[in-house]
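Trainee: I would like to learn how to read a pocket and an interface. Where do we begin?

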There are 2 protein chains.
Amino acid sequence: MTPAGRRIVAAAEELFYNRGITAVGVDLIAEHSGVTKRTLYNQFGSKDHLVATYLTGRDQRWRSLVRAAVDAGDTPAEAVTAPFEALRTWSETNTRGCAFINALAELPDPSHPAHRIAANQKLWLLNLFKELATTAGCPHPATLATQLLVLHEGAVATQPLPLDSLPESTDLARALVQAGTSPRH
Amino acid sequence: MTPAGRRIVAAAEELFYNRGITAVGVDLIAEHSGVTKRTLYNQFGSKDHLVATYLTGRDQRWRSLVRAAVDAGDTPAEAVTAPFEALRTWSETNTRGCAFINALAELPDPSHPAHRIAANQKLWLLNLFKELATTAGCPHPATLATQLLVLHEGAVATQPLPLDSLPESTDLARALVQAGTSPRH
DNA sequence: GGGGATGTTTACAGATCAGTATACCTGCGA
DNA sequence: TCGCAGGTATACTGATCTGTAAACATCCCC
């Protein structure tokens with residue numbers, strides 16, 4: 001990607017996430033990235049393609065953050081709930097909810113690339129939970145992974161409320177993992 | 001509200017929810033409700049006001065459904081997780097996620113009425129969980145209520161994924177209530 | 001030194017946006 | 001019978017939307 005292309009994506013990310021995709025026009029993105037609209041269209045061809053690029057970039061950054069958190073876990077049981085630690089960091093600078101859920105809200109057409117990207121992101125996290133649960137020796141990895149994903153998405157969705165939902169979700173997630181890994185009594 | 005006003009709100013609800021608020025223009029709403037744009041503006045004054053009316057109406061319908069489910073519960077413990085039963089019914093005809101979360105995604109301005117309505121809806125459900133948990137004799141109603149709300153919102157958010165997340169969430173919610181109401185052993 | 005990739009500048013097309021203006025119709029209650 | 005609320009019909013404003021046209025500048029690599 002060219003330097004101008006990178007600036008465009010950076011501006012698009014900031015504007016799309018904070019103001020909404022439909023509400024932000026390509027003229028505004030061009031202006032914020034110090035670039036001509038012609039250059040924007042030479043690089044991305046259409047607004048839809050730029051939206052897809054924006055979401056893909058966010059997805060990659062998020063996955064990197066999660067992988068780092070997972071790798072930083074001391075025990076396999078800790079690694080299972082590491083994505084919740086990543087979410088805590090992520091939420092400090094991303095206070096407008098999940099960019100993918102938001103994108104689906106604005107782009108109802110299921111054939112839009114945003115739908116595939118968003119679904120893949122959630123399914124990636126689900127599979128990660130499943131693998132980590134298996135590694136940690138949890139008895140029902142698939143069920144646990146679904147529960148953890150629900151808790152994760154619930155924590156993101158309730159982010160704007162005055163609730164401290166993320167610590168509660170993290171605690172509950174740890175308890176579920178603990179119940180699976182610790183011996184029954 | 002006049003007959004024309006009701007038709008306008010009905011058309012707005014269907015279009016806003018399924019296609020997105022920003023993506024739907026007032027002309028389209030007027031056309032779908034068999035009404036002139038002049039009538040629409042005589043009734044609601046602005047698109048923002050119509051959006052607020054749409055969300056308020058949805059909120060009332062949702063609360064009625066939840067209250068009915070709560071009242072249908074046989075035991076206090078069953079009543080606590082009754083909103084999950086309501087969600088199951090609701091999801092059959094509302095497959096595009098939470099209208100309030102979606103509205104916040106499209107309308108970033110915190111002073112927009114939609115923000116107040118959405119926050120009130122979630123806080124209403126939180127308080128309902130808290131009251132029901134208290135009635136059922138759960139030891140930590142506030143904590144449990146937060147957990148149940150997270151599970152609820154998580155189930156809504158993961159609705160488009162091929163996951164069966166709602167049954168899992170409901171089961172987990174029941175287990176949490178059970179752990180609180182049943183005697184420790 | 002030529003040529004292609006990367007940009008810029010200005011202007012424009014065609015559509016759609018929220019909201020308004022003006023004039024008219026109709027049914028109902030005082 | 002009068003008046004008014006509710007509604008229709010059509011046209012319009014000014015702004016904004018995505019996307020394109022055409023001509024020109026710069027830089028780097030072959």
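Mentor: We begin with a pocket, bearing in mind that this is a predicted model. The second largest pocket holds about 800 Å³ of space.

Trainee: Which residues are the closest to the centre of the second largest pocket?

Mentor: They are Ile101(A), Asn102(A), Ile101(B), Asn102(B) and Ala105(B), out of 40 residues that line this pocket. Helix H7 (99–106), helix H8 (113–135) and helix H9 (141–157) of chain A each give two or more residues to the lining, and so do H7, H8 and H9 of chain B.

Trainee: How many residues of each class does the lining have?

Mentor: The lining of the second largest pocket has 24 nonpolar, 10 polar and 6 charged residues.

Trainee: Now the interface. What area is buried between chain B and chain A?

Mentor: The size of an interface is often given as the accessible area lost when the parts come together. Between chain B and chain A about 2,800 Å² is buried, and carbon and sulfur atoms give 77% of that area. The contact takes 36 residues from chain A and 35 residues from chain B.

Trainee: How many salt bridges and polar contacts are there between the two chains?

Mentor: The count of salt bridges between chain B and chain A is 0. For polar contact, 4 residue pairs are found across the interface, both residues being at pLDDT 80 or more.

Trainee: Which helices of chain B supply the side that touches chain A?

Mentor: Helix H1 (3–19), helix H7 (99–106), helix H8 (113–135), helix H9 (141–157) and helix H10 (165–181) of chain B each supply at least two residues. H9(B) gives the largest share, 10 residues. By class, this side of chain B has 18 nonpolar, 11 polar and 6 charged residues.

Notes. Residues are numbered from 1 along each chain as its sequence is written. Chains are lettered from A and ligands numbered from 1 in the order in which they are written. This is a predicted model: local features need pLDDT of at least 70, side-chain atom pairs count only at pLDDT 80 or more; totals for chains, interfaces and linings use all residues. Side-chain values use heavy atoms; hydrogens and water are left out. Contact means heavy atoms within 4.5 Å. Buried area is the accessible area (1.4 Å probe) that two parts lose on being put together, summed over both. A salt bridge is a side-chain nitrogen of Lys or Arg within 4 Å of a carboxyl oxygen of Asp or Glu. A polar contact is a pair of N or O atoms within 3.5 Å; within protein, one must be able to donate a hydrogen and the other to accept it, and residues adjacent in sequence count only if both atoms are side-chain atoms. Helices (H or I, at least four residues) and strands (E, at least two) are DSSP runs, numbered from the N terminus. Ala, Val, Leu, Ile, Met, Phe, Trp, Tyr, Cys and Pro count as nonpolar, Asp, Glu, Lys and Arg as charged, and the others, Gly among them, as polar. On a 1 Å grid over the protein atoms alone, a cavity is a set of points where a 1.4 Å probe fits but cannot get out, and a pocket is an open set with protein on both sides within 12 Å along at least five of seven lines; lining residues have an atom within 4 Å of a point. Grid points are joined across faces, edges and corners, and a volume is the space filled by probe spheres set on the points.
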